[in-house]
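Me: I should like to go through the assignments in this model one at a time. For each, please set the value against the criterion and then conclude.

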Amino acid sequence: WIIDYFCYKIWIKKLNYPNPLIIFIQLFVWIFFQPYLLFKSEYKKNIIETKKTDKYICISNHISKLDPFLICSSLDIKTVFNMIPFRYMVTKSYMKKYWKLAKLLWCYSAHTTDKNWNKKHSLDLSKVFLERWESVFIFPEWGIKKQKFWVGAFWLNKKVINSVIVLFWIKKNNQKFKIDFLWKN
């Protein structure tokens, strides 16, 4: 209840969210990665004009296992509050290898999912999450330039009312990450 009340007071859009602990954990991860982002990236806050009434489909290329945390940490605090909680679509092998951490951070498999979700397809599961006001992060292994990927992203955008696609691009130069916000529909 205390976490839920705190989230309401700092303008997070989901009062009485079913699991306020996950919001607390994701805010903690956001704070934890701030120093890392300062030293390991070409630091520039990505300020995206967000509204509490929108549902976000965030898409990025994939260069390391830290990508979700780097992108979230690159967002300004107001944007984070409008988008939280985050769901991260990850590979089946990542879910198997790091399943405790993945469940704690609210990751879900990009392939047919576990028995808790009755083997729903990942796009159907993403749709469920978006309808519950959770922002979905997708990191396609084959890259964001492939047509196969865009079909799924636009299908999601069409099926979920008030959904918005947000595109990021991550580069790595001389051991430093650069995270750029590219586009929002």
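Me: How do you know that Lys55 has no salt bridge?
Reply: A salt bridge requires a side-chain nitrogen of Lys or Arg within 4 Å of a carboxyl oxygen of Asp or Glu. The nearest side chain of opposite charge to Lys55 is that of Glu131, 6.4 Å away, where Lys and Arg count as positive, Asp and Glu as negative, and His and the chain ends are not counted. The criterion is therefore not met. Lys55 is nevertheless buried, a term that stands for under 20% relative accessible area, with exposed being over 50% and partly exposed in between (1.4 Å probe, protein chains only).

Me: On what basis do these statements rest, and what makes a residue a contact of Lys55?
Reply: This is a predicted model, in which local features need pLDDT of at least 70 and side-chain atom pairs count only at pLDDT 80 or more, while totals for chains, interfaces and linings use all residues. Residues are numbered from 1 along each chain as its sequence is written, and side-chain values use heavy atoms, with hydrogens and water left out. Contact means heavy atoms within 4.5 Å. Beyond four places in sequence, Lys55 touches Leu130, Glu131, Trp133, Val160, Ile161, Asn162, Ser163 and Val164.

Me: What makes β1 and β5 a pair?
Reply: Strands (E, at least two residues) and helices (H or I, at least four) are DSSP runs, numbered from the N terminus. Two strands pair if DSSP finds at least two bridges between them. Six bridges join β1 to β5, so these parallel strands qualify. Lys55, in strand β1 (residues 55-60), stands opposite Ser163 in β5. Eight bridges join β5 to β6, which run antiparallel, so that pair qualifies as well. In their hairpin, which has two residues between the strands, Asn174 takes a positive phi near 50°.

Me: Why is Trp106 called buried, and which of the three classes does Trp133 fall in?
Reply: Trp106 has a relative accessibility of 11%, so it counts as buried. Trp133, at 31%, is therefore partly exposed.

Me: What is notable about the backbone at Trp106 and Trp133?
Reply: Most residues other than glycine have a negative phi, and most peptide bonds are trans. Phi of Trp106 is near 70°, in the loop between α6 (99-104) and β3 (107-109). Phi of Trp133 is near 65°, in the loop between α7 (122-131) and β4. Both values are positive.

Me: How do you know that the peptide bond from Ile84 to Pro85 is cis?
Reply: Its omega is near 0°. Pro85 is placed in the loop between α4 and β2.

Me: What makes a set of residues a nonpolar core, and how many residues has the largest?
Reply: Such a core is a set of buried Ala, Val, Leu, Ile, Met, Phe, Trp, Tyr and Cys residues joined through side-chain atoms within 4.5 Å. The largest has 37 residues, and Phe86, Tyr88, Phe137, Phe168 and Ile179 have the most contacts inside it. The greatest contribution to this core comes from α2, with eight residues. Apart from it lies another core of 14 residues, including Tyr108 and Ile165.

Me: Where is confidence lowest in the protein?
Reply: Helix α1 (residues 2-9) is lowest, with a mean pLDDT of 60, whereas strand β4 (residues 135-138) is highest, at 89. This score is the predictor's confidence in each residue, from 0 to 100. Where pLDDT is low, the predicted coordinates should not be read in detail.
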